[in-house]
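Open the model in your viewer and keep the selection box handy. We will go from stop to stop, and each stop tells you what to pick and what you will find there.

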Amino acid sequence: MTYDKEKYIALINDALETYLYSVADGQDIVLDAMRYSVRNGGKRVRPMLVLEFCRVCGGNVENALPFACAVEMIHTYSLIHDDLPCMDDDDMRRGKPSCHKQFGEAYALLAGDGLLTLAFETLTRAENIESSDIVRAVKALSSLSGIRGMIGGQVIDLLSEDGKPDDALLRRIDRLKTGALIQASVRLGCIAAGVTDETILRAADVYAESIGLAFQIVDDILDVTSSTEMLGKPVGSDEKNDKVTFVKLLGLEKCKALADELTQAAVQALNDLPGDTAFLADFANALAARKH
């Protein structure tokens with residue numbers, strides 16, 4: 001069975017509503033804050049990758065939905081925390097007030113914590129997936145979203161604010177801060193399909209690493225070339241904060257060429273996957289060509 005983006009997004013959104021269960025002891029405000037941020041959807045890039053890698057590797061897409069939702073919960077919590085005054089201090093997210101502007105800093109912090117912990121509970125609710133593969137999924141997601149992955153990238157990013165990172169350091173930051181959770185997504189998709197073949201897993205990693213870095217480079221480009229209305233968040237903040245970006249280091253034209261090169265590397269890696277990879281090739285090209 002084949003899927004398109006709209007069908008995947010509908011599956012993901014319905015499943016997220018299921019896993020964001022109700023509470024009855026007065027915690028409703030935090031659950032409201034969690035739902036507010038999760039429902040402010042975005043492109044669902046990461047959960048879609050979970051589901052499509054599962055499909056391409058011969059797995060059942062619906063069995064992988066808890067894995068997909070767990071990744072999206074981690075991503076959403078990271079955005080809530082990134083927007084806080086102690087971090088990026090952003091008032092808008094996807095055209096709406098940031099979680100802390102809508103609910104206050106304390107509840108936003110707790111909403112992020114709630115999504116982080118709910119993500120791992122959700123992983124364990126995967127039915128028709130071997131318990132050993134659920135353990136593999138927990139290990140992959142915790143590692144790639146933690147201090148050796150996404151959180152680690154954020155730490156290095158903060159430490160580099162007073163300096164001037166070069167191209168190598170910027171790549172390292174983005175490989176961890178942005179790319180690690182994309183890598184977790186493709187890994188979880190493979191795991192949901194029961195994949196143990198190292199050739200397939202390595203190809204998935206190359207695809208993830210390539211589109212992850214291309215994604216960040218395009219983000220840097222859009223911060224210069226797009227508008228607040230188009231992006232749904234302030235533009236020009238990197239320049240205002242004197243932040244070193246790929247655009248500042250390489251210039252717009254070289255950034256565009258590098259994003260194209262990385263996208264082609266991602267598409268090339270798909271040759272080592274077992275199923276029809278047309279969706280994943282189109283997906284990589286669409287991410288590189290996006291305008292918001």
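Select Asp133 to begin: in this predicted model, Asp133 counts as buried because its relative accessibility is 13%, below the 20% cut-off. Now add Arg136, whose side chain meets that of Asp133 in a salt bridge, 2.9 Å from N to O. Is Arg136 buried or partly exposed? Its relative accessibility is 26%, so Arg136 counts as partly exposed. Color helix α7 (residues 131-145) and you will see that both partners sit in it, 3 residues apart, or about one turn of the helix. A general point helps here: an α-helix has 3.6 residues a turn, so residues three or four places apart point the same way.

For a second pair within one helix, move to α15 (residues 252-269), which holds both Glu253 and Lys256. They too are 3 residues apart, about one turn of the helix. Their salt bridge has its closest N and O atoms 3.8 Å apart. Switch on a surface and look at each partner: Glu253 counts as exposed at 58% relative accessibility, while Lys256, at 38%, is partly exposed.

The structure holds 11 salt bridges in total, and the next one to select joins Arg93 and Asp83, with 2.8 Å between the closest N and O atoms. Which parts does this pair tie together? Arg93 lies in strand β1 (residues 92-93) and Asp83 in helix α4 (residues 65-83), so the bridge links parts that are 10 residues apart in sequence. Hide the surface for this one, as both Arg93 and Asp83 are buried.

Keep those two residues selected, for both also help to line the largest cavity. The count of cavities of 30 Å³ or more comes to 1, and about 90 Å³ of space lies in the largest cavity. To see its walls, add the other lining residues: Tyr36, Ser37, Asn40, Thr76, Leu79, Ile80, Arg94, Pro97, Ser98 and Cys99. Which elements give two or more residues to this lining? They are α2 and α4, and α4 provides the largest share, 4 residues. Color the lining by residue class and you get 5 nonpolar, 4 polar and 3 charged residues.

From the cavity, step over to helix α2 (residues 28-39) and draw a distance between its end C-alpha atoms: they are 16 Å apart, which agrees with the 16 Å that its 12 residues should span. Then select the buried residues of α2, namely Val30, Leu31, Ala33, Met34, Arg35, Tyr36, Ser37 and Val38. What covers them includes α1 (5-19), α4, β2 (96-97), α5 (99-103) and α6 (105-123), so show these elements as cartoons with the side chains of α2 as sticks.

Our last stop is a pair of backbone details. As a general rule, most residues other than glycine have a negative phi. Select Arg44, in the loop between α2 and α3 (45-56), where phi is positive at about 55° although the residue is not a glycine. Arg44 is buried, with a relative accessible area of 5%. Then pick Arg94 in the loop between β1 and β2, which you met in the cavity lining. Phi of Arg94 is also positive, near 55°, but with a relative accessible area of 27% Arg94 is partly exposed.

Note on methods: Residues numbered from 1 in each chain as written. Predicted model: local features only at pLDDT ≥ 70, side-chain atom pairs only at ≥ 80, totals over all residues. Heavy atoms only, no water. Salt bridge = Lys/Arg side-chain N within 4 Å of Asp/Glu carboxyl O. Buried < 20%, exposed > 50% of the residue type's maximum accessible area, 1.4 Å probe, protein only. Expected span 1.5 Å × (residues − 1). Contact = heavy atoms within 4.5 Å. 1 Å grid on protein atoms, 1.4 Å probe; cavity = no way out; pocket = protein on both sides within 12 Å on 5 of 7 lines; lining within 4 Å. Points joined across faces, edges and corners; volume = space filled by probe spheres on them. Nonpolar A, V, L, I, M, F, W, Y, C, P; charged D, E, K, R; others polar.
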